[in-house]
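Colleague: I would like to learn how to read a few features of a model. Could you take them one at a time, with the general idea before the case?

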Amino acid sequence: MNDLFPITDPNRSHGCRIQENIIWQGMKALIVQNDIIQIVILVDKGTEIVQFLHKPTDTDFIWHGRNELHDPATFIPVGGTDATPFFDRWSGGWFEIVPNNGPGCDYRNAHLGFYGEVVNIPWHYQILEDHPEQVSIAFWVKTYRMPFLLRKKMTLRSNSGCLQIEEQLTNLGNEKLDFAWGHHPVIGSPFLDSSCRISAPKCKVIVGSDEDGPGYRMKLFQEADWPIIEDVNNKPMDLRVMPSKEFRSMDNCYLTSFEKEAFISVTNFNRNVGFG
């Protein structure tokens, strides 16, 4: 006799699995994991990933600031600028950006704040698959000053250290709209140290203004081939080499015009583990 429908144990402790009833620093969260990685997703805060843990080496790739993580629903910043609502509520993590990138701006008579509309609001979610071989979750959110609907599907398979992300952005309005859309993963210590090396395929490197400076090492307003550019003293600088934190520099550059798939990775040779 065939089963009418399969039943999966939601409390299993093997294979791929999702822990759904999680409160993380006062916010609704999901823990998604298999035998290799464990990921914490803040559903109530822009689906921000605040933990991306490599289990075999006990390495969390995500950077964590010293400031406390605050729930946007209950924490109200005092004073500040356009950037205050983002930075006062962010203490490190991998966040998503729609419909504008970076500083606030005015577009179509609407003022868009720093890093847009989806980083500090709750998203909806639905578990699509929940099996030891594979788990898959759908997330979606509507922006409130622009008429966008953002859909995202995250999938994790067994015996895999790769989180698959598929997305779709829909304009629900009647006019054509410009937008910026991106992901902003931030990695840090203890994974990040001077043994790390950055890898990228053949591409162009663009350095513009000092942006967030000061303390930058790169010569400004230049374009070069990866990985060698010029430093402020017009000497060759190898972007594959990670400086130690004693350098205290803020270096901004952009990689573009990739000749093949744009896969960028950072490898820690002390821990023999990498993030790409």
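Colleague: Which strands form a hairpin with four residues between them, and which residue in the turn has a positive phi?

Modeller: This is a predicted model. Most residues other than glycine have a negative phi. The hairpin is made of S20 and S21, with four residues between the two strands. In its turn, asparagine 272 has a positive phi of about 55 degrees.

Colleague: How many bridges join S20 to S21, and which residues stand opposite each other?

Modeller: Strands of a sheet pair through backbone hydrogen bonds, either parallel or antiparallel. S20 and strand S21 (residues 273-275) run antiparallel and are joined by three bridges. Asparagine 268 has valine 273 in S21 as its bridge partner, and threonine 267 stands opposite glycine 274.

Colleague: What lies on the other side of S20?

Modeller: The order of this open sheet is S14-S20-S21, three strands with antiparallel pairing. S14 and S21 each have a single partner strand and stand at the edges, so one side of each is left without a neighbour in the sheet. The neighbouring strands are turned against each other by 20 degrees on average, direction ignored. Between strand S14 (residues 196-199) and strand S20 (residues 265-268) there are four bridges, again in an antiparallel arrangement. Serine 199 faces serine 265 of S20 in this pairing.

Colleague: And what is the order of the open sheet that contains S15?

Modeller: The order is S16-S15-S19, an open sheet of three strands with antiparallel pairing. Strand S16 (222-225) and strand S19 (254-256) are the edge strands, each pairing on one side only. From one strand to the next the twist averages 25 degrees. Strand S15 (residues 204-207) runs antiparallel to S16 and is joined to it by four bridges. Isoleucine 206 has glutamate 223 in S16 as its bridge partner.

Colleague: Let us turn to the backbone outside the strands. Where is the positive phi of glutamine 25 found, and is the residue buried or exposed?

Modeller: The general expectation is a negative phi for most residues other than glycine. Glutamine 25 is not a glycine, yet has a positive phi of about 55 degrees. Glutamine 25 sits in the loop between S1 and strand S2 (27-33). Its relative accessibility is 45%, so glutamine 25 counts as partly exposed.

Colleague: What is phi of threonine 47, and where does the residue lie?

Modeller: Threonine 47 has a phi near 55 degrees, a positive value in a residue other than glycine. Its loop is the one between strand S3 (37-42) and strand S4 (48-54). Threonine 47 has a relative accessible area of 2%, which means that it is buried, as the limit for that class is under 20%.

Colleague: Which peptide bonds are cis?

Modeller: Most peptide bonds are trans. Among the cis cases here is the bond from valine 98 to proline 99, with omega near 5 degrees. Proline 99 is placed in the loop between strand S6 (95-97) and strand S7 (105-107). Serine 189 and proline 190 are also joined by a cis peptide bond, with omega about 10 degrees. The loop holding proline 190 runs between strand S13 (182-184) and S14.

Colleague: How should I read accessibility at isoleucine 7 and leucine 150?

Modeller: Relative accessible area sorts residues into classes, with exposed meaning over 50%. Isoleucine 7 has 74%, so this residue is exposed. Its place is in the segment before strand S1 (17-24). Leu4, Phe5 and Ile7 together form a nonpolar surface patch with about 440 Å² of accessible area. Leucine 150, by contrast, is buried at 1%, and belongs to strand S11 (residues 148-157).

Colleague: What does the chain look like as a whole?

Modeller: The chain contains one helix and 21 strands. Of its 276 residues, 42% count as buried. The C-alpha trace spans about 75 × 50 × 40 Å along its principal axes. A compact globule with 276 residues would have a radius of gyration near 19 Å; the chain has 21 Å, which agrees.

Conventions
Residues numbered from 1 in each chain as written. Predicted model: local features only at pLDDT ≥ 70, side-chain atom pairs only at ≥ 80, totals over all residues. Heavy atoms only, no water. Pairing = 2+ DSSP bridges. Axes fitted to C-alpha atoms, helices over the stretch in contact; angles between N-to-C directions. Patch = residues over 30% accessible without salt bridge, like charges linked within 9 Å, V, L, I, M, F, W, Y side chains within 5 Å. Areas by Shrake-Rupley, 256 points an atom, 1.4 Å probe, with all protein chains shown as cover. Salt bridge = Lys/Arg side-chain N within 4 Å of Asp/Glu carboxyl O. Buried < 20%, exposed > 50% of the residue type's maximum accessible area, 1.4 Å probe, protein only. Rg over C-alpha atoms; globule rule 2.2 N^0.38 Å.
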